[in-house]
Amino acid sequence: MFRPLELFIGLRYTRAKRRNQFISFISTVAITCISISVIALITVLSVMNGFDRELRTRILGAISHATVSGVGETVQDWQRAVHIADGNPHVKGAAPYVDIQSFMQGPRSSGAQVRGVEPSLEPKVSNIDQKMVEGKLTDLTDRGWNIVLGKELAQNLGVNVGDRVTVVVPNFRSSPVAGSLPTIRQFHVSGIFELGMQEFDSNLALINIHDAERLSDLDGPTGIRLRLDDMFNARPVARELVDQLGQVYSVTTWYDSHQNFFSAISMEKKVMFIILSLIILVAVINLVSMLMMLVTDKQADIAILRTLGATPLSIMGTFMVQGLLVGVVGIVFGVGIGSLLSAYLPQIVKWIETVTGVTFLSPDVYYISELPSQLLPRDVFWVSLITFLFALLATLYPAWRASRTQPAQALRYE
């Protein structure tokens, strides 16, 4: 026999005897239910993390982590602003841009946002060059009047690479004959990109920054886009740049433009965690049932231990060991299987699609055509902790009932 006594007796009770096979069966059911609950919670959180990562990657692949703007329509002395931004250790890339709201005309028409970019600097702040379906970003040469369209925008306009589109900009110029007229310019479609986000694929077009300045009658870029080493450092970096650049510049971050969207995703994940935690709570009810039957079955044993000098606290600890052991075994199996399932979930889903011939996320309907998954250690920790606490709470009442057993009454009919 070893110490502590409560642990020794609690472990002995876990081994099945002929007369309590049913209790052992209930213990197995409790372990299985807890394991399944943990697996479900870890897997769902991993899938939500995967979708969150995919959305952040796709959205922040087209927009910047932070943007430096001027007080007026353009950024004055933008070369100095780029130099100061590049000097910040958290800034990995800076590129000027010009944004223009326009109306495009091909075989069909559509409104779109035209962004003037510097092809040599744009890859430092976005991954559009990696998402080119046709053509290259470097085709946007100065005075080449070339344009790169999002895939859905090209489909809406009814054009392809090699066609021409007419861009109408609400930059009115006076004419002695016709009065005020908007600026109109024809562009040659030199490329098509697909980011996988409708917001950009159906509404964004790229041209050379100098062509954009001529089209909008601007004498400089409307802002400078920045890419950071960690997008979550956007706000402190923005405050540093504001102090360094001075009052003639303003700095905004991706939090300002998409904060509500990502906050909604974060809130949805928290609510899902709470809801799925209730599944664990239901699974733990089996643990309460098992312990109550065990306490009833061991009434004589408890009475003998009490007559030998065991304290109520010692009896309570004995049955808590029994319940916690079931909970810990369920957590270990659940975390192990859930982590493996989350790690290989995309491959498993692909295999199921291949075998059944059913596509769960059709590329024709969804922009994310593969089920993403990202297992985070902090999720595993919180799931394990919550399950352990539920198991601990489940053992309290049965263990307390065991500690209240009166030896004389329990041994009366023995």
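User: How should the angle between two packed helices be read, and which angles count as roughly perpendicular?

Analyst: Angles of 65 to 115 degrees count as roughly perpendicular. In general, two packed helices are described by the angle between their axes and by the distance between those axes. The model shown here is predicted. In it, helix α10 (residues 312–343) and helix α11 (residues 345–356) pack at an angle of about 65 degrees, with axes 4 Å apart. The two helices, α10 and α11, are therefore roughly perpendicular to each other.

User: Which residues of α10 and α11 meet?

Analyst: From α10, Leu 341, Ser 342 and Ala 343 take part. Their partners in α11 are Leu 345, Pro 346, Gln 347 and Ile 348.

User: Which residues form the nonpolar patch on the surface?

Analyst: The patch consists of Leu 340, Tyr 344, Ile 348, Trp 351, Ile 352, Val 355, Val 358 and Phe 360, which together have about 810 Å² of accessible area. Helix α11 gives the most to this patch, with 4 residues.

User: Is Ile 352 of helix α11 buried or partly exposed?

Analyst: A residue is buried under 20% relative accessible area and exposed over 50%, with partly exposed in between. Ile 352, which lies in helix α11, has a relative accessible area of 31%, so Ile 352 is partly exposed. Across the chain of 414 residues, buried residues make up 47%.

User: How many salt bridges does the structure hold, and which residues are linked in a network?

Analyst: A salt bridge requires a side-chain nitrogen of Lys or Arg within 4 Å of a carboxyl oxygen of Asp or Glu. The structure holds 6 salt bridges, and Asp 142, Asp 211 and Arg 214 are linked in a network of them. Asp 211 and Arg 214 meet at 2.9 Å, N to O; both lie in helix α6, 3 residues apart, which is about one turn of the helix. Asp 211 is buried, with a relative accessible area of 0%. Arg 214 also forms a salt bridge with Asp 142, the closest N and O atoms being 3.0 Å apart. This pair links distant parts of the chain, 72 residues apart, as Asp 142 is in the loop between β4 and β5.

User: What does the salt bridge of Lys 151 and Glu 194 tie together?

Analyst: The side chains of Lys 151 and Glu 194 meet at 3.7 Å, N to O. Lys 151 lies in helix α4 and Glu 194 in the loop between β7 and α5, so the pair ties together parts that are 43 residues apart in sequence. Lys 151 is partly exposed, at 31% relative accessibility, and Glu 194 is partly exposed at 35%.

Conventions
Residues numbered from 1 in each chain as written. Predicted model: local features only at pLDDT ≥ 70, side-chain atom pairs only at ≥ 80, totals over all residues. Heavy atoms only, no water. Patch = residues over 30% accessible without salt bridge, like charges linked within 9 Å, V, L, I, M, F, W, Y side chains within 5 Å. Areas by Shrake-Rupley, 256 points an atom, 1.4 Å probe, with all protein chains shown as cover. Buried < 20%, exposed > 50% of the residue type's maximum accessible area, 1.4 Å probe, protein only. Axes fitted to C-alpha atoms, helices over the stretch in contact; angles between N-to-C directions. Parallel < 35°, antiparallel > 145°, perpendicular 65-115°, else oblique. Contact = heavy atoms within 4.5 Å.
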